[in-house]
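I opened this notebook to keep a record of what I looked up in one structure, going from sheet to helices to single residues.

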Amino acid sequence: MTEWPQGFRAHVGSIGIKDSADDVLVLAAPGRVPAAAVFTRSRFEGPSVTVSRAHVADHHLAAFVVIARNANVATGDQGRRDAEEVVAGVASLVGVSPDDVLIASTGVIGRPYPMDRVRAHLGALADGPDPFDEHEAEPAARAIMTTDTVAKVASAPVGPARIVGIAKGVGMIEPDMATLIALFCTDAEVAPDALDAVFRRVIDRTLNAVSVDTDTSTSDTAAIMASGVAGPVDLGAFEAALGQVALDLTRQIASDGEGATTLIEVRVTGARDEAQAKRVGKAVVNSPLVKTAVHGADPNWGRVAMAVGKGADETDIDPERVTIAFGSTEVYPHLLDDRALAGLSTYLAGDEVVIAVDLGIGPGSFTVYGCDLTDGYVRINADYTT
């Protein structure tokens with residue numbers, strides 16, 4: 001089990017939004033500490049995003065609260081008032097200002113919080129013994145799940161300090177500035193502006209590089225708090241460790257995509273720049289035809305070529321300079337015979353598949369992560385609210 005870094009304390013419980021499973025998390029720092037966050041750019045962003053964006057604008061927070069199984073999105077003025085009431089209740093419980101609490105929500109869109117149950121839960125916590133009795137991250141990761149099949153936790157040391165991250169999300173995943181709900185905490189001492197800059201760089205090359213189904217959530221939130229209890233650390237080492245934790249969570253998310261059986265990693269090199277490499281990588285990993293080919297262990301590299309070529313504005317992509325490989329086996333332009341292609345089916349039937357594309361243009365590179373497309377994905381989302 002993974003313990004929280006020094007200074008952090010957590011409450012995990014059940015409001016009873018859908019059943020008796022845990023569906024609320026409060027994670028508190030030892031006070032007002034440096035923090036950073038990025039959020040969805042969806043035009044239908046939820047009140048949790050609107051409220052939290054304002055609260056973290058000064059790069060400080062004291063607590064996170066997450067309510068799962070209810071997104072509280074498209075719920076009008078009442079939804080915002082409800083989010084603010086939750087924040088105020090948590091602030092009172094922790095003993096901080098409401099402006100220092102970040103709220104995140106995930107679940108069905110268009111349904112308001114069951115505020116009678118929320119009030120009852122927060123009231124019971126205020127009247128009872130110390131509710132911050134959860135010292136391990138795994139229960140917190142389970143409490144924020146919706147259709148996830150496993151809790152997602154990752155950690156790494158950095159000097160005398162540690163970084164711990166949890167995440168949820170397996171569907172409605174095509175991040176835009178942030179992704180899913182991902183919460184990080186560290187006991188390293190990092191200045192607020194430096195923390196914000198490092199966090200944005202790390203999120204862009206990890207959680208922003210994952211896609212399950214091309215749909216951007218209305219509630220995407222990724223945030224970090226730094227208690228500073230363990231003292232200062234080398235900033236470069238901190239960024240590397242945070243990148244390790246975020247990449248671990250990214251791979252867990254892609255592997256657990258709704259109905260998924262295979263993690264797909266698309267490595268694009270030789271691009272004009274990193275932005276082009278990312279666009280091409282996303283085109284490949286988001287292609288339903290590529291996804292279904294991987295699911296069927298069909299080495300149909302033509303679908304990858306199609307995905308690379310469908311960016312009409314990428315006029316510097318020349319098929320004569322492009323190479324495509326499955327794993328370490330080149331499939332284009334060095335064409336394989338039918339026997340060799342059939343042998344690749346064994347590789348494609350594995351738990352992880354790497355598709356490598358070199359554009360032969362310049363030094364740009366980027367790696368993106370996704371999963372195959374199965375009938376399980378269709379069943380989950382056909383019955384999501386019923």
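The entries below follow the order in which I looked things up.

**Entry on the ground rules.** I am working with a predicted model, in which local features need pLDDT of at least 70 and side-chain atom pairs count only at pLDDT 80 or more, while totals for chains, interfaces and linings use all residues. I number residues from 1 along each chain as its sequence is written, and the side-chain values use heavy atoms, with hydrogens and water left out.

**Entry on the open sheet.** I looked up the sheet and found 5 strands forming an open sheet in the order 11-10-12-9-13, with mixed pairing. Strands (E, at least two residues) and helices (H or I, at least four residues) are DSSP runs numbered from the N terminus, and two strands pair if DSSP finds at least two bridges between them. At the edges I noted strand 11 (329-332) and strand 13 (364-371), each of which pairs on one side only. Neighbouring strands of this sheet are turned by 20° against each other on average, direction ignored. I then followed strand 10 (residues 323-326), which is joined by 4 bridges to strand 12 (residues 352-358) and runs antiparallel to strand 12; there, Ala 325 has Ala 356 of strand 12 as its bridge partner.

**Entry on the helices at the sheet.** Helix 10 (residues 338-348) packs on the sheet and touches strand 10, strand 11 and strand 12, its direction making about 125° with that of strand 12; contact here means heavy atoms within 4.5 Å. I also traced helix 7 (residues 274-285), which lies across strand 9 (263-271), strand 12 and strand 13 and runs at about 25° to strand 13. For such angles, axes are lines fitted to C-alpha atoms, for helices over the stretch in contact, and the angles run from 0 to 180 degrees between N-to-C directions.

**Entry on two crossing helices.** The axes of helix 7 and helix 9 (residues 301-309) come within 8 Å and cross at roughly 135°. That makes helix 7 oblique to helix 9, since angles under 35 degrees count as roughly parallel, over 145 as roughly antiparallel, 65 to 115 as roughly perpendicular and the rest as oblique. I listed Val 280, Ala 283 and Val 284 of helix 7 and Val 304, Ala 307 and Val 308 of helix 9 as the residues that make the contact.

**Entry on covered strands.** I next checked strand 3 (residues 60-70), where 10 of the 11 residues are buried, so strand 3 is largely enclosed by the rest of the structure; buried means under 20% relative accessible area, exposed over 50% and partly exposed in between (1.4 Å probe, protein chains only). Strand 2 (residues 24-39) is joined to strand 3 by 7 bridges, and the two run antiparallel, with Val 24 opposite Ile 67 in strand 3. Strand 7 (residues 181-189) is mostly covered as well, with 8 of its 9 residues buried. I found 6 bridges between strand 6 (residues 161-168) and strand 7, which run antiparallel, whereas 8 bridges join strand 7 to strand 8 (residues 221-232) in a parallel arrangement.

**Entry on one arginine.** Is Arg 69 buried or partly exposed? Arg 69 is found in strand 3, and at 22% relative accessibility Arg 69 counts as partly exposed. Leaving out residues up to four places away in sequence, I noted that Arg 69 touches several residues, among them Ile 17, Asp 19, Thr 106 and Met 145.
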